[in-house]
Amino acid sequence: MSIILFDNTQRNHLWPLTQTKAVAALRMGILTMAERWEQLTGMQVFVHTEAYLQNLYGYPDAGEHIWIDASVIPNTALVDLVQSIDKNDCWADEDGLIIGKTNLSFEDFDAAQSLQYFENIHDHTTVDRIRYPWELMQWNDRILRFDFDVLTRGKISAAISSTNRCVHPEHIFIEPGAVVEHTILNASTGPIYIGKHATIMEGSAIRGPFALGDHSVLKMNSRIYGATTLGPNCMGGGEIKNSIMMGYSNKAHDGYMGDAVIGEWCNWGAGTSNSNLKNTAGIVKVWSEADQEYLPTGYKCGVIMGDYSRTAINSSINTGSVIGVCCNVFGEGLLPNIIPDFSWGCKGVKYRMDKALTDIDNWRKLKKQSLSEIEKNILITLSLK
């Protein structure tokens, strides 16, 4: 028996982040949604998503499984349900299925009709779901603290070098193989987690909560404010505040990244900065492709950037911007606050697909990876929409 995290009918509201991945693969805190459930339950986790993405994740064996809405944030009560739920029972709220146990065929599952697969439906009204991409950075402080407790419980940190200046070192956890020297680590405002074989170069200053993923690098004199997450194989530099980089992405130079959510395999050219606050200090509204309107996000929101997108040097990203998948962004002055998928520049020119695939593969080679045929087909499918 395994857990299957399914994409609900609202997954498109997480555009552009879910263009190229399932909801279960989104990262906030320290972990992805799927990794978090694996850590909490000790069970194997599979993913049920859109047909054009499914080959990224594989298929479970036939049999009885526990189905969980991938957008749901786990809590103690839900973890307890996983351990005790009976066959054909489920818990739901006004948005639909939260968690249920059935031997339904993987291929037959339909999120829109999910409640019809269970005999006993119980009400559950205290669950949180991620509905929009900016919520990832808005909830990052809370989830980062949660993940820190999960990952470090009962474990002992690697030794902290005496060259560092630490505040509340009991809330600092360094995994084996990490290198941290001549750095200010201030965990008085939240925990600091440094992943396996990560590197923090000298002169950097960090205020928690903060997570640096496995094999990631913070360059010299970086200034990091919580709540910030740099996923695995990222490179950070300059000034970063309350932002998430999902993984394999770079902001290696000076410039400001604030209140942002950045997908995988993205790159910010030197000097790129985003605004996260309107000059009027008013509510920031961000374009929702699913709703076809601008939605309020609060007083601070920088940029949401889809996978495989890049900015030229000295790019100026406007407040509350959305940059789609596979964009090569360049332009004078403040950039438009909506940049569609597969944009070449900001004036309506389409990124040629053959060139886009070559360029992405070149970037992946820099991290000793390559673009798979499955990933190429996903991008080609998206470009034809």
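Where in the structure is the place of Ala-356? Ala-356 sits in helix α5, which spans residues 353-365. The model is predicted. This briefing covers an open sheet of 9 strands, the largest pocket, and three residues: Arg-27, Asn-276 and Ala-356.

**The open sheet**

- The sheet is open and built from 9 strands, in the order β12-β15-β18-β21-β24-β27-β32-β35-β37. The pairing is parallel.
- Strands β12 (172-174) and β37 (338-339) stand at the edges. Each has a single partner strand, so one side of each has no neighbour in the sheet.
- In general, strands of a sheet pair through backbone hydrogen bonds, and the pairing is either parallel or antiparallel.
- At one edge, β12 runs parallel to strand β15 (residues 192-194), and 3 bridges join the two. Ile-172 is placed opposite Ile-192 of β15.
- Strand β24 (residues 244-247) pairs with strand β27 (residues 261-264) through 3 bridges, again in the parallel sense. Here Ile-244 stands opposite Val-261 of β27.
- Strand β27 also pairs with strand β32 (residues 303-305), in the parallel sense and over 2 bridges. Ile-262 has Met-305 in β32 as its bridge partner.
- In a regular strand, side chains alternate between the two faces of the sheet.

**Arg-27**

- Arg-27 belongs to strand β2, which covers residues 27-28.
- Is Arg-27 buried or exposed? Arg-27 is buried, because its relative accessible area is 8%, and buried means under 20%.
- A polar atom of the Arg-27 side chain lies 2.9 Å from the backbone oxygen of Ile-30.
- The side chain of Arg-27 also has a polar contact of 3.4 Å with the side chain of Glu-35.
- Beyond its neighbours within four places in sequence, Arg-27 is in contact with residues including Thr-32, Thr-229, Gly-231 and Pro-232. Ile-244 and Met-246 are also among its contacts, and strand β24 covers residues 244-247.

**Asn-276**

- Asn-276 lies in the loop between β29 (273-274) and β30 (284-288).
- Asn-276 is buried, with a relative accessible area of 10%.
- Which side chains make polar contacts with the side chain of Asn-276? One is that of Tyr-256, at 3.3 Å. Another is that of Asp-259, at 2.6 Å.
- Leaving aside neighbours within four places in sequence, the contacts of Asn-276 include Lys-241, Gly-258, Val-284 and Tyr-299. Also among them are Lys-300, Cys-301, Gly-302 and Thr-319.

**Ala-356**

- Ala-356, in helix α5, is buried, with a relative accessible area of 0%.
- Outside its neighbours within four places in sequence, Ala-356 is in contact with Cys-326 and Tyr-351.
- How many residues apart along the chain are Ala-356 and Thr-319? They are 37 residues apart, and their C-alpha atoms are separated by 27 Å. Thr-319 is one of the contacts of Asn-276.

**The largest pocket**

- The largest pocket holds about 360 Å³ of space.
- Its lining has 18 residues, and the closest to its centre are Trp-15, Gln-19, Glu-289, Asp-341 and Lys-385.
- What kinds of residues make up the lining of the largest pocket? There are 8 nonpolar, 4 polar and 6 charged residues.

Methods
Residues are numbered from 1 along each chain as its sequence is written. This is a predicted model: local features need pLDDT of at least 70, side-chain atom pairs count only at pLDDT 80 or more; totals for chains, interfaces and linings use all residues. Side-chain values use heavy atoms; hydrogens and water are left out. Helices (H or I, at least four residues) and strands (E, at least two) are DSSP runs, numbered from the N terminus. Buried means under 20% relative accessible area, exposed over 50%, partly exposed in between (1.4 Å probe, protein chains only). A polar contact is a pair of N or O atoms within 3.5 Å; within protein, one must be able to donate a hydrogen and the other to accept it, and residues adjacent in sequence count only if both atoms are side-chain atoms. Contact means heavy atoms within 4.5 Å. Two strands pair if DSSP finds at least two bridges between them. On a 1 Å grid over the protein atoms alone, a cavity is a set of points where a 1.4 Å probe fits but cannot get out, and a pocket is an open set with protein on both sides within 12 Å along at least five of seven lines; lining residues have an atom within 4 Å of a point. Grid points are joined across faces, edges and corners, and a volume is the space filled by probe spheres set on the points. Ala, Val, Leu, Ile, Met, Phe, Trp, Tyr, Cys and Pro count as nonpolar, Asp, Glu, Lys and Arg as charged, and the others, Gly among them, as polar.
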